[in-house]
Amino acid sequence: MGGEPIEERLVHVLRKLHSKGDVALGVVGGSDYRKIIEQIKYPEIFEFVFSENGVVAHKGKEQFYSDSITKFLGEENMQQLVDYCLVYIANLRVPKKRGTFIELRNGMINISPIGRNCTRQEREEFCRYDADNSILRTFQLDLTRNFSQFNLTFSIGGQISIDCFPSGWDKTFCLRHIEGLFSEVLFFGDKTEKGGNDYEIFHDQRVRGFSVKSPAETEEIIKSFLDP
């Protein structure tokens, strides 16, 4: 969660769940494939890795699907959006500004007022500032209002950024890759409120959703599915 690597305690519980044999584990996130692999540390536990909300999809180590937001938007619209974001961020006052304010991925554009090159300490400082000043929420609403004609969705992704993607390319996108494969799909996420990047999939009728606030809470719920 929040860009941090998976905790070893949670890995242990996931391994036990995986060993049951009748369960397939998958992970879906807005980050690119490399970043997600860094976070989960043990990709062999997961049968599916859906990076960029599933716009890039892997089964095991094999990529079997990808699409592109640049093709969806076109260069003129892309430049208009990027220019607007850079001007907006330039006029913001936040505790720190670092580098990589805009990161282009296959399926989305990630927009960060502090910059993705910030340290963990700077990230935490921004989170506290954002909690008091609603920097991300205000920016998200502004983008939604000013780019409604582009058919884009802007959602708060993680702790320091906004994810921008074509409407419908939220985390529910990954469900098309596993449609009909399982009798039940369970999802765990922390940004399940409206405007959060887990909202759409958490409320999707094809999914049984769990809203969690910490890895420890996720661990306890998973333990309840394990035999004593």
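Buried here means under 20% relative accessible area, exposed means over 50%, and partly exposed is what falls in between. Keep that in mind, since I will use those words throughout. One caveat: this is a predicted model.

Start with the domains. The chain is divided into domain 1, residues 8-55 plus 169-226, and domain 2, residues 70-166. Their centres, taken over C-alpha atoms, are 24 Å apart. Across the boundary, 15 residues of domain 1 are in contact with 14 residues of domain 2.

How big is that interface? Interface size is often given as the accessible area lost when the parts come together. Here, the area buried between domain 1 and domain 2 is about 1,200 Å². Carbon and sulfur atoms give 50% of it. Which three residues of domain 1 supply the most? Glu52, Trp169 and Gly195 do, with 43% of the area that domain 1 buries against domain 2.

Stay with Glu52 for a moment. Glu52 sits in the loop between strand S2, residues 48-51, and strand S3. Its relative accessible area is 3%, so Glu52 is buried. The backbone of Glu52 is worth a look too. Phi is positive, about 50°, although Glu52 is not a glycine.

Ser134 also has a positive phi without being a glycine, near 50°. Where is Ser134? In the loop between helix H5 and helix H6, the latter spanning 135-146. Ser134 is partly exposed, because its relative accessible area is 34%.

One more positive phi, this time in a hairpin. Strand S3, residues 56-59, pairs with strand S4, residues 62-66. The pairing is antiparallel, over four bridges. Val56 has Ser66 in S4 as its bridge partner. Two residues lie between the strands, and Gly60 takes a positive phi near 65° in this hairpin.

Now the annotated sites. UniProt, in an unreviewed entry, places a "binding site" feature at Asp190, Phe202 and Asp204. Asp190 is in the loop between strand S9, residues 186-189, and helix H7, residues 199-202. Is Asp190 buried or partly exposed? Partly exposed: its relative accessible area is 24%, so Asp190 is above the 20% cut-off.

Phe202 lies in helix H7. With a relative accessible area of 21%, Phe202 is partly exposed as well. Leaving out residues up to four places away in sequence, Phe202 touches Phe187, Thr192, Gly209, Phe210 and Ser211.

In the loop between S9 and H7 there is also Gly196. Gly196 has a relative accessible area of 0%, so Gly196 counts as buried. Beyond four places in sequence, Gly196 is in contact with Ser155, Ile156 and Lys191. The C-alpha atoms of Gly196 and Arg137 are 9.5 Å apart, with their positions 59 residues apart along the chain.

Next, another "binding site" annotation. The unreviewed UniProt entry puts this one at Arg105, Arg116, Arg123, Ser161 and Asp163.

Take Arg116. Arg116 is in the loop between strand S6, residues 109-111, and helix H5, residues 120-133. At 23% relative accessibility, Arg116 is partly exposed. Arg116 touches Arg105 and Ser161, both beyond four places in sequence. Glu103, Asn110 and Ile160 are also among the contacts of Arg116.

Then Asp163, in strand S8, residues 161-166. Why does Asp163 count as buried? Because its relative accessible area is 3%. Its side chain makes a polar contact of 2.8 Å with the side chain of Asn110. Outside the four-place sequence window, Asp163 touches residues including Arg105, Met108, Thr153, Phe154 and Asn197.

That brings us to Thr153, in strand S7, residues 152-157. Thr153 is buried, because its relative accessible area is 18%. The side chains of Thr153 and Ser167 are joined by a polar contact of 3.2 Å. Beyond four places in sequence, Thr153 touches Asp163, Cys164, Phe165, Pro166, Ser167 and Glu200.

To close, two residues to look at on screen. Asp163 is buried at 3%, and touches Thr153 and Asn197 among others. Glu52 is buried at 3%, and is one of the three residues supplying 43% of the area domain 1 buries against domain 2.

Conventions. Residues are numbered from 1 along each chain as its sequence is written. This is a predicted model: local features need pLDDT of at least 70, side-chain atom pairs count only at pLDDT 80 or more; totals for chains, interfaces and linings use all residues. Side-chain values use heavy atoms; hydrogens and water are left out. UniProt positions are given in the numbering used here, feature names are shortened, and annotations may be inferred rather than shown by experiment. Buried means under 20% relative accessible area, exposed over 50%, partly exposed in between (1.4 Å probe, protein chains only). Contact means heavy atoms within 4.5 Å. A polar contact is a pair of N or O atoms within 3.5 Å; within protein, one must be able to donate a hydrogen and the other to accept it, and residues adjacent in sequence count only if both atoms are side-chain atoms. Two strands pair if DSSP finds at least two bridges between them. Domain bounds come from an automatic or database domain assignment. Buried area is the accessible area (1.4 Å probe) that two parts lose on being put together, summed over both.
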